[in-house]
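Me: I am new to this structure and would like to get to know it step by step. Could you take a few questions from me?

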2 protein chains.
Amino acid sequence: MFSKAGLVLFTTLLAAFAPADALWPLPRSLQQGSTALTLSCSFNITIDGTIPNAPADLQQAVTRTMGYLQNDKLGRLVVGRGSVDVDAYTNASSLSTLTLTLGQGAVVNSIATEAQKAPEARDEAYTLTVPSDGSGATLSANSTLGLTHGLTTFTQLFFYHNATTYMLNAPIQIDDSPAYPYRGFMLDTARNFFPVQDVKRMLDAMSWVKQNMFHWHIVDSQSFPFEVPGYTELAQKGAYDPESVYSAQDVADVISHAGARGIDVMLEIDTPGHTAAIAQAFPEHIACAYMTPWATFANEPPAGQLRIASNATMNFTAGLLAAAAELSPSTLFSTGGDEINMPCYAADEPTQAALNATNQTFEQALNTFTQATHSAIMAKGKTPVVWEEMVLSFNLTLSNDTIVFVWISSEDAAAVAQQGFRIVHAPSNYFYLDCGAGGWVGANPSGNSWCDPFKTWQFAYSFDPLANLTDAQAPLVLGGEQLLWTEQSGPQNLDSIVWPRAGASAEVFWTGPGGNISEALPRLHEVSYRMRQRGINTINLQPKWCALRPGVCDLTA
Amino acid sequence: MFSKAGLVLFTTLLAAFAPADALWPLPRSLQQGSTALTLSCSFNITIDGTIPNAPADLQQAVTRTMGYLQNDKLGRLVVGRGSVDVDAYTNASSLSTLTLTLGQGAVVNSIATEAQKAPEARDEAYTLTVPSDGSGATLSANSTLGLTHGLTTFTQLFFYHNATTYMLNAPIQIDDSPAYPYRGFMLDTARNFFPVQDVKRMLDAMSWVKQNMFHWHIVDSQSFPFEVPGYTELAQKGAYDPESVYSAQDVADVISHAGARGIDVMLEIDTPGHTAAIAQAFPEHIACAYMTPWATFANEPPAGQLRIASNATMNFTAGLLAAAAELSPSTLFSTGGDEINMPCYAADEPTQAALNATNQTFEQALNTFTQATHSAIMAKGKTPVVWEEMVLSFNLTLSNDTIVFVWISSEDAAAVAQQGFRIVHAPSNYFYLDCGAGGWVGANPSGNSWCDPFKTWQFAYSFDPLANLTDAQAPLVLGGEQLLWTEQSGPQNLDSIVWPRAGASAEVFWTGPGGNISEALPRLHEVSYRMRQRGINTINLQPKWCALRPGVCDLTA
């Protein structure tokens, strides 16, 4: 993890470097020169003898990298674009090779295997060296995961003009590793459905900013688009339609696509709230399903929560979570736990009868329920991940290694840390990408977004993961994620609502916090324009006039 | 126009109808039954003998309509989608023909010719009759423009399920015409550039909700992407790059595409502010070009305004506007006039010298300048259109028929009306589509959108064009438009930021205000999903669960 003392020192060191124009996230140690190099037409990437029988996904990463180098064709964002670099790159030395090498004693695993270790056990570090004379560049790491991050960085060194691919800042020496082990993005695929191809496109973009956790909020009260072996009726009856279902094969496909790009997929089946869709197949397990007025029984329509006091429901849920957990190689699995609605349970006769029969309080029953569901996934080797209410709103006995999403407010991190739990920062007041688009509930003409205002990249970028934490608590912070709840989203605006904004947290949690937004903006423009060259519909953050003139559109310029 | 007394009566009548599920905007008179009809495989659209030598654009409209009927394949938005309609459409009568006819004495003009008349001179009315027994449907109008609106309505009657295209509500009798003659959308193509294909896609979508004015804010301080004959250096030097220019041919292409769809294109060259880009080619005409701090000299970077007190600049501007006006057949041309910055002129020595030499006040000089530029376009047959400051901030002598965009606040309409000018409602507090996305100016981490909050469709839909106006002033309201300023937009998010939101004003100004948002929402979902079938990336307004269940996600449901 990352101590406060270390942070101050590190930030000071960073300021001493002139950052490369187009690197995102900024490497934690970067030395660069000002010599141009062109990419030779015969340029190739070699995997050396330290990696015998290179894993297939590493070979594919090399092939993808070659594709980006050839196809990015990104004009540098300056007035005149690449034409101003002609003098620099004409007659420059030519780079012919990049050699990938693993450190002595490193075990050769696939990228996916490395990416699917526990976050804190992953070795994501790499060293990239590009000499200024055109002699071979070297990328070394102690894992194939480190190598894939290094390949990503390598592609960001290059611009394109007039049939020439070139870099401007050789010699380069980058020694890089993330400040935090969890750098994620959450997508809700239940309010509206996203075909596999959209999820994969999102994963591609995540990998380009070195995000390593895809938090897949795969089901919710509105739909259950997830085919879980043994529980297939849930999707058959709870999905919007047969086409809007992730089959077990689809989930495996997404996990494989992610893994090959250094990303771990954490599934979430939110419980006990947010489960109305389960009532389509198993009405006996759901309290106040579709009851109205919905606003009394849920934070949004439709109402419906698992009957936590029912043994049958507890066993059903534990079984479902275990079956779902088996589909994912990740060490993490989220059981949710947000927005439990008490009037719903108060109005549910079976729940009240069960509580009375066993002489339990609601909290006691929730504790029993949670222990059963957590035990089920822990038996599958998973670490439970929960929303903050599970530790802040109820007095439950949770495993010490439970990880907590802080979402209601960044202010709540301190209270979670005080209980000794590890934290993933997912605060609505910084990282919710859906905020600010107005109210979506019907018949509410003046309705605004509950989490107004819009969370700009600049504001997300100003997030301090250690705010209000003691030095002793700092190691509890695993990292953070930006999140998209999809009441007002779909494949149509996925790219534009997420990118390049979600790059903000990617840099905060890789490079570390405290970055200067004026310094960051030109690089964010570059990574955004590069993503666009690769097929992501990233939005403009500013008029192009500003994008071409770093600093000139700053407030005080 | 539309009187207040008429509005009350009309709203009352509307409530008596059960509106067709998927019509947008809602016709002003609609009678419908509940008989299903299928579209025959041999269905065709006939242009009858009242339209000899049918204009090419009408024939193309018929061909497009056939394409939509065949390809929309829109499943009705109910639980179960079209499967719930199988009983209704099985064994239903089959519709084989729609006949287009023009009223006695109607002159046969192309759609474009009709669309390019002065807004208040256009005849957009049509009558559509679909009998319930499968006998021929009839579409009649007194202009080809009316016919094209009727064709659009006709396509919205049909749903698709299991290889069957069907409607549910025969017999239909629609007598329709717009409440207001100006129903527009404004796009800024200067902050960021939009290729012609994106502009055309936007025009297509506009036509599907019967919008009839494309207000093309084609140039601004950031770039000048407009090749004006005789002034081609402006684009050569002022565009972002040679690819980001609308050639005169491109502009003609856009105008032709729009005209064929019933849309008039009003060009705007904003003067005297918002003109820094002109300095690239003609620095002698621009005061405080690129001066810093920009915030002193302009509302956004970069600063730069035409030297209104210079005769040379006045003549240059008049010539430019006249040349631009010649490119458009519209009766309207906007000379802009917003956000004139006084410190800029105060700091500009040539301007101060000219004012002193002629012993004029700034306002006198602006009056002279404006009369010259307006005379230039009036000589080309255009009616001048200006932003509200030109009548509210300065005491200028303007032609009585000048049309005024009310943009700063909807509250300002009354003051404009008091001066007797005609009004196009373009209020930032209702209709600015860019609001709410956070601040875009650099180095401003907590910066929010200046016109927060986001303008939801519901709020836009609640707009009252006659608020604070007297009955006598009501006829001054020509209509209104939703607007997209593109500091944070580009082709990447054009569809998603505009649609289906811009449908809100389309209905307010066609059907008339006062519509009920609960009644409107299901229809807006339908038109949005239909647009998507036609290639527009409209966003989801709600979870699909809500879209399938009208009313169930209302605030009080």
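Me: What percentage of the 557 residues of chain A count as buried?
Reply: Happy to help, and please keep in mind that this is a predicted model. A residue counts as buried when its relative accessible area is under 20%. Among the 557 residues of chain A, the share that counts as buried is 64%.

Me: What radius of gyration does chain A have?
Reply: A good starting point is the length of the chain, 557 residues. A compact globule with that many residues would have a radius of gyration near 24 Å, and chain A agrees with this. Its own value is 24 Å.

Me: Is B:Lys210 buried or exposed?
Reply: Let's first find B:Lys210, which sits in the loop between α6 (196-208) and β8 (213-217) of chain B. Its phi is near 65 degrees, a positive value in a residue other than glycine. Buried means under 20% relative accessible area. Because its relative accessibility is 1%, B:Lys210 counts as buried.

Me: What is the relative accessible area of B:Lys73?
Reply: B:Lys73 lies in the loop between α2 (56-71) and α3 (86-89) of chain B. Phi is positive here too, near 45 degrees, in a residue other than glycine. B:Lys73 is partly exposed, and its relative accessible area is 43%.

Me: Which residue does a cis peptide bond join to B:Thr271?
Reply: The omega of this bond is about -10 degrees. The partner is found in the loop between β9 (264-268) and β10 (286-287) of chain B. The residue joined to B:Thr271 is B:Pro272.

Technical notes: Residues numbered from 1 in each chain as written. Chains lettered and ligands numbered in written order. Predicted model: local features only at pLDDT ≥ 70, side-chain atom pairs only at ≥ 80, totals over all residues. Heavy atoms only, no water. Rg over C-alpha atoms; globule rule 2.2 N^0.38 Å. Buried < 20%, exposed > 50% of the residue type's maximum accessible area, 1.4 Å probe, protein only. Helix = DSSP H or I, 4+ residues; strand = E, 2+ residues; numbered from the N terminus.
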